[in-house]
Amino acid sequence: MRIRYSTTGTSQSEFDSLPRLPILLRHNNQNIEVAGLVDSGATVNVLPHNVGIELGADWDDRKANLRLTGHIGNFAAMPLFVMANIGDYAPVKLAFAWVKSNDTPLILGQMNFFMEFTVCFYRSELEFEITPKSSR
């Protein structure tokens, strides 16, 4: 499946476009449609706090023991597993570092998004392509 790069606002140009993937997340009988930034430089998947709350997850400071780096390194984070539907592909379980910050984008990184999907970036064409590992 090929997807166009996108922006987050009408005032942005194609130079501001990034590989954002429409995704349906499911957890605790709750569904939410979001756009995740496909980031080959990110070690882990990152889920903003408000998205986890909308999915019905319960924040537990005792489980917030993940150590993150970069701009989110100062925030508490805990593991959260959710099911993800992408296009017509079979659902997959994704592991997220659920961060206690609403200012963090939803990031799809190496652990485990890139383990479930092959991703090819075509920046010059403003497109990227994903293929489930099961269809390779």
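Is Thr104 buried or exposed? Select it in your viewer and keep that question in mind for a moment. One thing to know before we set off: this is a predicted model, and the tour treats it as such.

**Stop 1: Thr104**

Thr104 sits in the loop between β6 and β7. The residue is buried, because its relative accessible area is 5% and the cut-off for buried is under 20%. To see what surrounds Thr104, show its contacts beyond four places in sequence: Val46, Pro48, Ile72 and Val99. Now draw a distance between the C-alpha atoms of Thr104 and Pro48. They are separated by 5.5 Å, although these positions lie 56 residues apart along the chain.

**Stop 2: the pocket**

Two of the residues you have just picked, Val46 and Ile72, also belong to the lining of the largest pocket. Add Asp39, Gly41, Ala42, Thr43, Val44, Leu68, Thr69, Gly70, His71 and Ile107 to complete that lining. The space inside the largest pocket comes to about 220 Å³. Colour its lining by character and you should find six nonpolar residues, five polar ones and one charged.

**Stop 3: the main core**

Next, select Leu21, Leu25, Leu47, Phe113 and Ile130. These are the residues with the most contacts inside the largest nonpolar core, which has 32 residues. Which elements give two or more residues to this core? They are β2 (20-27), β3 (30-38), β5 (77-85), β6 (92-99), α2 (113-116), β8 (117-122) and β9 (127-132). Apart from this core lies another, of eight residues, and among them are Ala42, Val46, Ala77 and Ala97. You have already met Ala42 and Val46 in the pocket lining.

Stay with Leu21 a little longer. Beyond its neighbours within four places in sequence, Leu21 is in contact with Ile3, Val34, Ala35, Gly36, Val38, Ile86, Leu108, Phe113, Phe128 and Ile130. Several of these names return at the next stops.

**Stop 4: from β2 to β7**

Switch to a cartoon view and pick out β2 and β3. They run antiparallel and are joined by eight bridges. For one place to zoom in, take Leu25, which stands opposite Ile32 in β3.

Follow β2 to its end and you reach the hairpin, with two residues between the strands. Asn28 lies in this loop between β2 and β3. Its phi is positive, near 50°, and the residue is not a glycine. Most residues other than glycine have a negative phi, and most peptide bonds are trans. Asn28 is partly exposed, with a relative accessible area of 46%.

β3 also pairs with strand β7 (residues 107-108), this time in the parallel sense and over two bridges. Select Val38 to find Leu108 of β7 opposite; both are contacts of Leu21.

**Stop 5: β9 and its partners**

Move on to β9, which pairs with β8 in the antiparallel sense over six bridges. Thr118 and its bridge partner in β9, Thr131, mark one spot to look at. Strand β1 (residues 2-4) also pairs with β9, antiparallel as well, over three bridges. Here Ile3 stands opposite Phe128, and both residues touch Leu21.

The hairpin of β8 and β9 has four residues between the strands. Within this loop, select Leu126. Leu126 has a positive phi of about 55°, although it is not a glycine. Is Leu126 buried or exposed? Leu126 is buried, with a relative accessible area of 11%.

**Stop 6: Asn112**

The last selection is Asn112, in the loop between β7 and α2. Turn to the peptide bond that leads from Met111 into Asn112: the bond is cis, with omega near 10°. Asn112 is buried, with a relative accessible area of 11%. To see the surroundings, show Asn45, Lys93, Leu94 and Ala95, which Asn112 touches when residues up to four places away in sequence are not counted.

Notes:
Residues numbered from 1 in each chain as written. Predicted model: local features only at pLDDT ≥ 70, side-chain atom pairs only at ≥ 80, totals over all residues. Heavy atoms only, no water. Core = buried A, V, L, I, M, F, W, Y, C linked by side-chain atoms within 4.5 Å. Buried < 20%, exposed > 50% of the residue type's maximum accessible area, 1.4 Å probe, protein only. Contact = heavy atoms within 4.5 Å. 1 Å grid on protein atoms, 1.4 Å probe; cavity = no way out; pocket = protein on both sides within 12 Å on 5 of 7 lines; lining within 4 Å. Points joined across faces, edges and corners; volume = space filled by probe spheres on them. Nonpolar A, V, L, I, M, F, W, Y, C, P; charged D, E, K, R; others polar. Pairing = 2+ DSSP bridges.
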